[in-house]
Amino acid sequence: MTPPVTVLDLANVSKSFGALKVTDDVSFSVPKGQALGIIGPNGAGKSTLFNLITGNILADTGRVTFLDQDVTRTPAMTRVRMGVGRSFQIPQPFEGLTVFENLLTAAAFGQAKREAEVEAECAQILADTELLRRANDLAGSLSLLDRKRLEMARAMATGPELLLLDEIAGGLTEGECQALVATIQALHAKGTTIIWIEHVLHALTSVVERLLVLDFGKVIGIGAPDQIMASREVREIYLGLEV
Amino acid sequence: MIWLDTIVQGLLLGGLYALFAAGLSLVFGIMRLVNLAHGDLIVLAAFIVLVVVEATGLNPFLSALIAAPALFAFGWALQWFVFNRVLGKDILPPLLVTFGLSIALQNGMLEVFSADSQRIPAGPLESASVDLGAVTVGIMPLLTFASAVAVIFALNQIFYRTALGRAFRATSDDPVTASLMGINPRSVFAMATGLAMVIVTIAALYLGMRSNFDPSIGPARLIFAFEAVIIGGLGSLWGTLVGGAIIGVAQTVGAQINPEWQILAGHLAFLAVLLVRPRGLFPRAVD
């Protein structure tokens, strides 16, 4: 049996903004096909961690490896083409483009292909994310749920080996949340490696196989979700409960 | 009848102003760069077309076709090596750099081409006209206007029908997110300025064939271009054509009343539009 391929590996990654250390000696790796959840209080450095993985910001020290290639100093647009797809916590669609054009642009440039080659794939992603009926509407006119769907759809369109989802379920109603979780589960079932930052714990734990807890930029726990949620340290720091 | 003629001539003159403005509008729309050297770049392109005409003996249109790729490359390099370094949250550095470029271009052209007035020879086309019954219009103004419509139509096709156009719009919306989709904003900006220089070449061709030019006339062309862009609404290409037409008509009507009022009337029309519609006639919904 061949060992599982490691999609992402962070080794002793640190990042400071001035005197504030937002990522503190973080090390973990994600094998191919796994869904990893990241939890932690607000300001724990979760989104910064995503920025370090996508290349929006560069690590001060440590090494980021993606599919066995050192990408620590690689710019964001190159990492996208290598297969790092990302959705934002606050949806940032290209508002002047239609929903379909948003995907088409992400697919053509993210996969470095011609538009004609990716049109069918984009239509399929729109169908999978229930956005087909809004395909020709300007992205600026979408509701919050559809904006979140578009965030995910656009990240998927870049053809990611690794999909980073940043609080995709936040602000949604229970029904909307379930619809989104079903989409993510389907995506995961196809073998896409996922890292998902989320505060809506039941949504998160219904998909991920592993949980990582971040606090003050440090990894304070990583393991199976039930094991992590049962840990006293996590309950105290993350849930703020006296146990 | 004389007023109909005045208005038609003004509309056609507006085509020239729209050509001056289209490149400025393109660059501003995509990267929010106000290029103060735009007028001088038009004059530079006119000199380059003239040099090609004199060196090859070809007609001005073919000469412009030869000059256009070189000017595209010049625009691309100017963006890549100069403007990209100063674009950012602060709008002052790009303003200073383009202002400096404007001065450098004017003095450079003065050194190379002297202060003498020049004209691109267009032969019999210069005085050819067509009788439309009520009015008679010059072939050259007609060609200018048709070119302006064609340029704006082509730009719209590029913007809404091609991958490059979608990259232009995506980058204009949000360069950081665009880079997360695999788009290189620096290279998109360089393509945009290259394309703007092709439009500048077309504008320069008509400027040079219709009137005399010398190294000092750039800043005035910049003002006309700015006014057309702002009347039309920042970022709206068809609005730019309308803006050009409004300035053109105001100028010819002003000149008809009193020849000294030509330029003033254009500026007054600009101020009048600003008073009524501060964001221009067709502002983009998302800014």
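**Close-up views of a predicted two-chain model**

**View 1. Helix 1 of chain A sits largely enclosed by the rest of the structure.** In this predicted model, helix 1 spans residues 46-54 of chain A, and because 7 of its 9 residues are buried, the surrounding structure largely encloses it. The buried residues are K46(A), L49(A), F50(A), N51(A), L52(A), I53(A) and T54(A). Right after the helix comes G55(A), with a positive phi near 95 degrees.

**View 2. Helix 1 of chain A lies across several strands.** Look for strand 3 (35-39), strand 6, strand 7, strand 8 and strand 9 (210-215) of chain A, which helix 1 of chain A crosses. The helix runs at about 155 degrees to strand 7 of chain A.

**View 3. Six strands of chain A form an open sheet.** Follow the order 6-7-8-3-9-10, where the pairing is mixed. Strand 6 (84-86) and strand 10 (218-223) of chain A each have a single partner strand, so one side of each lacks a neighbour in the sheet. On average, neighbouring strands are turned by 20 degrees against each other, direction ignored.

**View 4. Strand 7 and strand 8 of chain A pair in the parallel sense.** Residues 162-166 and residues 193-197 are joined over 5 bridges. One bridge to spot links D166(A) with I197(A) of strand 8.

**View 5. Chain A meets chain B.** Here 23 residues from chain A and 16 residues from chain B take part in the contact. On the chain A side, helix 2 (76-82) and helix 3 (99-110) each give two or more residues, and helix 3 of chain A supplies the largest share, 7 residues. This side of chain A has 10 nonpolar, 8 polar and 5 charged residues. The model scores ipTM 0.82 and pTM 0.87.

Definitions and conventions:
Residues are numbered from 1 along each chain as its sequence is written. Chains are lettered from A and ligands numbered from 1 in the order in which they are written. This is a predicted model: local features need pLDDT of at least 70, side-chain atom pairs count only at pLDDT 80 or more; totals for chains, interfaces and linings use all residues. Two residues are in contact if their C-beta atoms, placed from the backbone, lie within 7 Å. Helices (H or I, at least four residues) and strands (E, at least two) are DSSP runs, numbered from the N terminus. Ala, Val, Leu, Ile, Met, Phe, Trp, Tyr, Cys and Pro count as nonpolar, Asp, Glu, Lys and Arg as charged, and the others, Gly among them, as polar. A residue is buried if 20 or more other C-beta atoms lie within 10 Å of its own, exposed if 12 or fewer, and partly exposed in between; C-beta atoms are placed from the backbone. Two strands pair if DSSP finds at least two bridges between them. Axes are lines fitted to C-alpha atoms, for helices over the stretch in contact, and angles run from 0 to 180 degrees between N-to-C directions.
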